[in-house]
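Biologist: Before we go into the details, could you take me through how to read a ligand site and a chain interface?

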Amino acid sequence: MIEIRDLRKSFDGRTDILKDINITIKKGEIVAILGSSGTGKSTLLRCLNYLTKPTNGSIRIGTTSIDAKKHTKKDIMELRSHSAMVFQNYNLFKNKTAMENIIEALICINKKSKKDAQRIGLQLLEKVGMLDRKDFYPSKLSGGQQQRIGIARALAVEPEVLLFDEPTSALDPELVGEVLSTIQKVAQEGATMVLVTHEIMFARKIATRILFMAEGTIVADGTPEEILDFPKDERLKRFLDYNVN
Amino acid sequence: MFDLSYFFGVFPVIASKLQVTLSLTLTAAIFSIVIGVIIAVIGYYKICFLYPITRFYLSILRGTPLVAQLYFFYYGLARVSEIVLNMKPLTAVALVLSLNTGAFMSESIRGGLLSVDSGQKEAAAMLGMSELQTIKRIVLPQAFRVSLPSLFNDLINLLKATSLAFMLGVRDIMGQAKSEGAQSFRYFEIYLAVMIIYWILVLGFSHFHKIMDRKCMDMY
Ligand SMILES: Nc1ncnc2c1ncn2[C@@H]1O[C@H](COP(=O)(O)OP(=O)(O)OP(=O)(O)O)[C@@H](O)[C@H]1O
Ligand SMILES: [Mg+2]
């Protein structure tokens, strides 16, 4: 489903934030990415939909393959059509209601009629438990509610891959649960997911595979048991000591 | 002494040109907004060769007096352009006012555009929306909302600036007052009436702004 080959990213042309990353992710895998702050987790995730342009390497999602060195705007659009992202800061459209946020892409990209779009919108609102807030603007919603709308908005385009960048780290602790359980629900429906998170317990619960990043490389890659219960890499051990205890 | 009956007599005569002033204001306002949006968007994206042209345009229109622009356009360009020569004064004023106010409005709108956070644009991009769709559906609506106070400020300045139209011989409120004054010399009553009419108009615009602002507040 996802194939990352020789991915390298440098913002300033000198230091590499991502260093020759190679990953293959199969359909249905739920991949959690762990790592300390500043190790390039977000950058890696954002390279997958070219919100950040890689310096080098190729990325394939579904049927679209794209090379950092030579591609067109159309290639980027095509790549993006295979995935959808949920952001740390929700990034909802502030001038649109919950419903309008969800159906924006359906109307704009999929050219669905308003009626069809709203039918789908209602189903998604129901799924994330937000039916009663459908006409609320983001400014009138709590962080947890905004993030659930963010998830519904991502689901609306029926992406083959869902990308999450620390979806709960901007939330007050008491709101984290509702968002995690929404993500879990989506995961159980057989979605393919790449999830950057600091919630190690949650990663253990839903991930089928965990990647651990340090200094722009993937230093450990395995099942939750292999990574969390029997860590081999020194940096991973230190990270777990620090974050679990 | 103040002649009350003359005042009440001349007031409706001057106010009868309200329509000229208002339609000039509204016509110029519409074109100004269009010009303002286009220039602001060019500035926002720094579109390659258009951007320096718009900067030059802004610099000229904001850096010279409106009266000079009116005269340069209507009398100056008439010497070199057949089109300007045959132009009605009212059209010329509307054009210059649009170009001038457009320059100011573009700055107001640009401020609004910059206030929209990049996260929303990234969200639009990841959904597959084009830049044009994003600016039209997400960025501009929010930018207008933020720019509303300064756009109304520009609008009120535009209304007041239409009073310069009389210099090209247009009979608006100010033009009518001038011609009344030439007959009766009762400048005090006449220009008091002018002041009151413009003042009421500005109050009306401000009130309209308040209503719109409240509507926006209720929304988001
Ligand atoms: N747009 C950018 N321009 C320049 N440097 C950047 C940019 N984005 C990220 N970086 C740098 O790249 C490095 C990795 O950043 P990244 O956001 O990917 O880390 P992260 O692992 O997601 O960290 P966190 O857990 O804090 O979110 C950091 O040193 C950061 O300063
Ligand atoms: Mg990050």
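Biologist: How many residues of the shell around ligand 1 are nonpolar, polar and charged?

Modeller: The model is a predicted one, in which local features need pLDDT of at least 70 and side-chain atom pairs count only at pLDDT 80 or more, while totals for chains, interfaces and linings use all residues. Residues are numbered from 1 along each chain as its sequence is written, chains are lettered from A and ligands numbered from 1 in the order in which they are written, and side-chain values use heavy atoms, with hydrogens and water left out. In the classes used here, Ala, Val, Leu, Ile, Met, Phe, Trp, Tyr, Cys and Pro are nonpolar, Asp, Glu, Lys and Arg are charged, and the others, Gly among them, are polar. The shell around ligand 1 then has 8 polar, 2 nonpolar and 2 charged residues. Among the residues that surround ligand 1 (a heavy atom within 4 Å) are F11(A), I17(A), K41(A), E166(A) and H198(A).

Biologist: Which polar side-chain atom lies 3.2 Å from an oxygen atom of ligand 1?

Modeller: That atom belongs to E166(A). Two backbone approaches can be read beside it: a polar backbone atom of T39(A) is 3.2 Å from an oxygen atom of ligand 1, and a backbone N or O atom of G40(A) lies 3.0 Å from an oxygen atom of ligand 1. Of the 630 Å² that ligand 1 exposes when taken alone, the protein buries 57% (Shrake-Rupley areas with a 1.4 Å probe).

Biologist: What is the area buried between chain B and chain A?

Modeller: The size of an interface is often given as the accessible area lost when the parts come together. Here that area, summed over both parts (1.4 Å probe), is about 2100 Å², and carbon and sulfur atoms give 59% of it. M126(B), L127(B) and R137(B) supply 33% of the area that chain B buries against chain A, more than any other three residues.

Biologist: How many salt bridges does the rule find across this interface?

Modeller: With a salt bridge taken as a side-chain nitrogen of Lys or Arg within 4 Å of a carboxyl oxygen of Asp or Glu, the rule finds 3 between chain B and chain A. One of them joins the side chains of E104(A) and R137(B), at 2.5 Å from N to O.

Biologist: Which elements give two or more residues to the side of chain B that touches chain A?

Modeller: They are α7 (118-127), α8 (131-161) and α10 (187-219) of chain B, where helices are DSSP runs (H or I, at least four residues) numbered from the N terminus. The largest share, 8 residues, comes from α7(B).

How values were computed. A polar contact is a pair of N or O atoms within 3.5 Å; within protein, one must be able to donate a hydrogen and the other to accept it, and residues adjacent in sequence count only if both atoms are side-chain atoms. Buried area is the accessible area (1.4 Å probe) that two parts lose on being put together, summed over both.
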